[in-house]
Amino acid sequence: MALDDRRTFERFKADLPLNCSQADTKEKLKVYAHDISAEGLGVISDKQLFIGAPVSASFYVPDIKKEFPVQAKVVWCRMLGNNFRVGLVMEQMGLMEVSAILQFLHARAN
């Protein structure tokens, strides 16, 4: 882990599409999860998201054929080519849901 990395939990590569919208405007976003941890998401977005903006998203996990909703808040956003790399902190997602998603990603990686 880099010295300037403030993460508490290990991140796992995700590469999962998300159904995502800005919570306050309901505007749909083209987003996919780049990585995930027990408390946050790194996503790639086609639109700039502003720090503090609420985001509603959901993961579809194919192995268990279930969609998991999550409420998050933007904590940082940087330009990445023609897209944006965005850090989200999850505000409302149960531990069981996070566990199921992380188990799916771990199984897929092996």
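Modeller: Start with a definition. Buried means under 20% relative accessible area, exposed means over 50%, and partly exposed is what falls in between. One thing to keep in mind: this model is predicted.

Biologist: Why is E91 called partly exposed?

Modeller: Its relative accessible area is 49%. That value is not over 50%, and it is not under 20%, so E91 falls in between.

Biologist: What makes E91 and K73 a salt bridge?

Modeller: The rule asks for a side-chain nitrogen of Lys or Arg within 4 Å of a carboxyl oxygen of Asp or Glu. Here the closest N and O atoms are 3.8 Å apart, and the pair qualifies. K73 sits in strand β5 (residues 66–80) and E91 in strand β6, so the bridge ties together parts that are 18 residues apart in sequence.

Biologist: And K73: buried, partly exposed or exposed?

Modeller: K73 has a relative accessible area of 31%, so it is partly exposed.

Biologist: How many salt bridges does the rule give?

Modeller: The count comes to three. Side chains of opposite charge can pair when their charged atoms come close.

Biologist: How do you know that D35 and R85 form one?

Modeller: Their N to O distance is 3.1 Å. The limit is 4 Å, so the pair passes. D35 belongs to strand β2 and R85 to strand β6 (residues 83–92), with their positions 50 residues apart in sequence.

Biologist: Why do both D35 and R85 count as buried?

Modeller: Set each value against the 20% limit. D35 has 7% relative accessibility, so it is buried. R85 has 16%, so it is buried too.

Biologist: What makes K47 and E27 a salt bridge?

Modeller: N to O, their side chains come to 2.3 Å, which is within the 4 Å limit. K47 is in the loop between β3 and β4 (54–61), and E27 is in the loop between β1 (12–22) and β2, so parts that are 20 residues apart in sequence are tied together. K47 is partly exposed at 32% relative accessibility, and E27 is partly exposed at 31%.

Biologist: Why is strand β3 called largely enclosed?

Modeller: Strand β3 covers residues 40–45, and six of its six residues are buried, so the rest of the structure largely encloses it. In a regular strand the side chains alternate between the two faces of the sheet. In β3 both faces are covered: G40, G42 and I44 are buried on one side, and L41, V43 and S45 on the other.

Biologist: How do you know that β2 and β3 pair?

Modeller: Pairing needs at least two bridges. Strand β2 (residues 28–36) has five bridges to β3, and the two run antiparallel. A hairpin of three residues joins them. I36 stands opposite L41 in β3.

Biologist: What surrounds S45?

Modeller: S45 lies in strand β3. Its relative accessible area is 1%, so it is buried. Beyond its neighbours within four places in sequence, S45 contacts K30, V31, N83, F84 and V86. A polar atom of its side chain also lies 2.8 Å from the backbone oxygen of K47. The cut-off for a polar contact is 3.5 Å, so that distance falls inside it.

Biologist: How many disulfides does the rule find?

Modeller: Zero. A pair of cysteine sulfur atoms would have to be within 2.5 Å. C20 is buried, at 6% relative accessibility. C77 has 22%, which is not under 20%, so C77 counts as partly exposed.

Definitions and conventions. Residues are numbered from 1 along each chain as its sequence is written. This is a predicted model: local features need pLDDT of at least 70, side-chain atom pairs count only at pLDDT 80 or more; totals for chains, interfaces and linings use all residues. Side-chain values use heavy atoms; hydrogens and water are left out. Buried means under 20% relative accessible area, exposed over 50%, partly exposed in between (1.4 Å probe, protein chains only). Helices (H or I, at least four residues) and strands (E, at least two) are DSSP runs, numbered from the N terminus. A polar contact is a pair of N or O atoms within 3.5 Å; within protein, one must be able to donate a hydrogen and the other to accept it, and residues adjacent in sequence count only if both atoms are side-chain atoms. Contact means heavy atoms within 4.5 Å.
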